[in-house]
Amino acid sequence: MHDQEHLEDRTVLLVRDAMDRASADLPPLPDLAGPALAEGRRRKSRTRLAVASGVLCVVALGTAGAVSLAGGGHSAPEPPAAATVTPTPTASPLPEPVHIEPTPGEESMADLPDAERTRQENFQQQAVAVLQELLPEGIGTMQRTDINVRQYQVTKGGKKFVLIFSVRPHDPSRPSKPCADVKGVVCRTATLPDGVEAEAITMPMDSGEVTGTWVAFRYGGSDVSLSLNPDETSNTSAPVTDDQLLAVAAAPAFLDLVRIADEQPMVERQSSVPAG
Amino acid sequence: MPPDNEHDFEAFARASQHTLYRTAYLLCGDADAARDLTQTTLAKLFQYWRRVAAADHPHAYAKTVLTRTFPSERRRGLRALVAHRHVDPPPPPRHPDLRVTLLAALSTLPPRGRAMVVLRYWEDLSVEAVAGLMRCSEGTVKSQCSRALSRLRSELGDAEIYTAER
């Protein structure tokens with residue numbers, strides 16, 4: 001027992017020493033204060049724009065008298081006529097979300113104006129209803145989270161998988177190349193019913209022993225992605241295949257959700273400011 | 001003339017960027033990725049600067065933001081790698097240098113495990129603090145760190161001998 005503790009203490013010392021040496025001789029760091037300030041300003045203005053446009057949408061919808069998920073805009077591809085699962089407006093009160101404590105300084109949905117938060121919570125709940133129905137049977141229980149509109153949690157047998165459903169204004173700097181032939185990464189492309197090209201990827205994550213699955217496509221003016229990550233604690237791969245996620249992406253009810261988020265964005269465009 | 005809060009932020013960024021860069025390097029194992037992670041962390045801090053500046057320990061705030069930004073940045077990087085058709089990562093180093101062996105050993109750990117090791121042994125945080133930061137139980141931190149330490153011990157074994165013989 002004593003020997004074991006001694007060995008562990010020695011290893012800790014060795015690791016600390018190696019960490020100190022490893023990070024001591026780094027290439028010189030350019031001054032990041034300026035680029036970070038610029039990127040921070042852009043992040044701030046994007047957040048303000050997203051919240052403002054969301055509030056405007058809520059006001060407009062309130063004036064119209066109802067939130068109609070099936071109603072059509074004209075800027076995005078028309079969905080197929082047949083729908084097997086129809087998203088419906090949620091009745092209050094909504095089920096409690098999974099609470100995720102925000103990083104100090106990070107905003108969560110609790111920081112949104114009331115009207116915008118209600119809009120996003122309703123959207124999340126509709127997404128839960130649709131995705132729970134469309135994802136493979138036995139995948140587990142899906143819940144929304146209160147950290148942001150994109151993040152959900154799928155729980156099964158004590159394992160927790162993070163599901164991200166994101167509809168974000170298109171970022172022109174985002175590469176639009178098809179899947180690459182990278183070791184360990186399995187890529188599939190498919191055409192959704194309305195002619196949209198979708199790409200599905202199963203890729204090694206974390207230590208490389210487990211995989212996550214991801215599907216992405218352009219819709220209207222948005223970049224859409226739906227991904228299920230591995231459970232890092234139990235080292236378990238995402239319990240869904242690329243084919244299954246592509247089937248979800250092709251479902252009319254899912255595309256109805258996408259169209260709503262495309263017409264009334266809930267998150268800001270994502271882009272970066274190069275360091276200089 | 002920039003507002004005072006921007007002056008304050010820039011002063012904070014310049015004072016903390018090198019420390020953040022070192023921690024980011026241990027998390028990412030790559031200088032370019034570490035620089036990007038540091039910049040993203042600083043940008044997020046500016047985004048919420050009023051709150052950060054009002055905190056008792058802004059530098060601890062910064063470390064928390066860095067650690068929690070790391071997994072999402074890593075996933076974005078992986079997706080960008082796929083989209084840009086990059087090839088396999090560079091081969092492991094030929095020389096049993098302690099520094100490069102450590103980075104290779106850290107890279108075999110899952111991101112959360114790596115973050116726990118860096119926080120526990122580099123930042124010298126308690127098990128309780130790491131658990132709070134990583135949003136998991138103390139038991140998870142203990143088991144992950146123990147497993148990681150055991151793996152690092154076997155990986156660093158040769159390097160330790162090499163170092164001792166230098």
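User: Leaving aside its neighbours within four places in sequence, which residues is A:Ser108 in contact with?

Analyst: Happy to start there. This is a predicted model, and in it A:Ser108 touches A:Pro102, A:Asp146, A:Ile147 and A:Asn148 once those neighbours are set aside. The residue sits in the loop between α2 (33–64) and α3 of chain A. Take A:Asp146 from that list: A:Ser108 and A:Asp146 are 38 residues apart in sequence, with 6.7 Å from C-alpha to C-alpha.

User: Why does A:Ser108 count as partly exposed?

Analyst: The idea is to count C-beta atoms within 10 Å: 20 or more makes a residue buried, 12 or fewer makes it exposed. A:Ser108 has 16 such neighbours, so it counts as partly exposed.

User: Now α3 of chain A. How far does this helix reach from its first C-alpha to its last?

Analyst: One way to read a helix is to set its span against the expected one. Helix α3(A), residues 114–134, has 21 residues and reaches 30 Å, close to the 30 Å expected at 1.5 Å a residue. You can also read its burial: the buried residues include A:Phe123, A:Val128, A:Val130 and A:Leu131, and also A:Glu116 and A:Arg119.

User: What should I look for in a strand, for example β1 of chain A?

Analyst: Side chains in a regular strand alternate between the two faces of the sheet. Strand β1(A), residues 141–144, shows this: A:Met142 and A:Arg144 are buried and point to one face, whereas A:Thr141 and A:Gln143 point to the other and are not buried.

User: Which strand do 4 bridges join to β1(A)?

Analyst: That is β2(A), and the two run antiparallel. They form a hairpin, with 6 residues between the strands. For a point of reference in the viewer, find A:Thr141, which stands opposite A:Thr155 in β2(A).

User: How does the pairing continue from β2(A)?

Analyst: Strand β2(A), residues 151–156, pairs with β3(A), residues 159–169, in the antiparallel sense over 6 bridges. A:Val154 faces A:Phe161 across this pair. Here too the strands form a hairpin, with 2 residues between them, and A:Gly157 in the turn has a positive phi of about 55°. Going on from β3(A), 7 bridges join it to β7(A), residues 222–228, again antiparallel. In that pairing A:Ile164 stands opposite A:Ser227.

User: Where is the pLDDT of chain A low?

Analyst: Start with the overall picture: chain A averages a pLDDT of 76, and 72% of its residues score at least 70. Over residues 54–91 the pLDDT is below 50, and this stretch has 68 contacts in the model beyond near neighbours in sequence. Residues 272–276 also stay under 50, with 12 contacts beyond four places in sequence.

User: And how many helices and strands does chain B have?

Analyst: Chain B has 8 helices and 0 strands, giving the pattern α-α-α-α-α-α-α-α along the sequence. Of its 166 residues, 45% count as buried. For contacts with a separation of 6 or more, residues 24 or more positions apart account for 64% in chain B.

User: Which residues of α7(B) are buried, and why do they line one face?

Analyst: In this helix, residues 127–134 of chain B, the buried ones are B:Val130, B:Leu133 and B:Met134. Looking down the axis, those buried residues fall within an arc of 90°, so they line one face of the helix. Just after α7(B) comes B:Arg135, with a positive phi near 55°.

Methods:
Residues are numbered from 1 along each chain as its sequence is written. Chains are lettered from A and ligands numbered from 1 in the order in which they are written. This is a predicted model: local features need pLDDT of at least 70, side-chain atom pairs count only at pLDDT 80 or more; totals for chains, interfaces and linings use all residues. The expected span of a helix is 1.5 Å times one less than its number of residues. pLDDT is the predictor's confidence in each residue, from 0 to 100. Two residues are in contact if their C-beta atoms, placed from the backbone, lie within 7 Å. The arc is that of the directions from the helix axis to the C-beta atoms. Two strands pair if DSSP finds at least two bridges between them.
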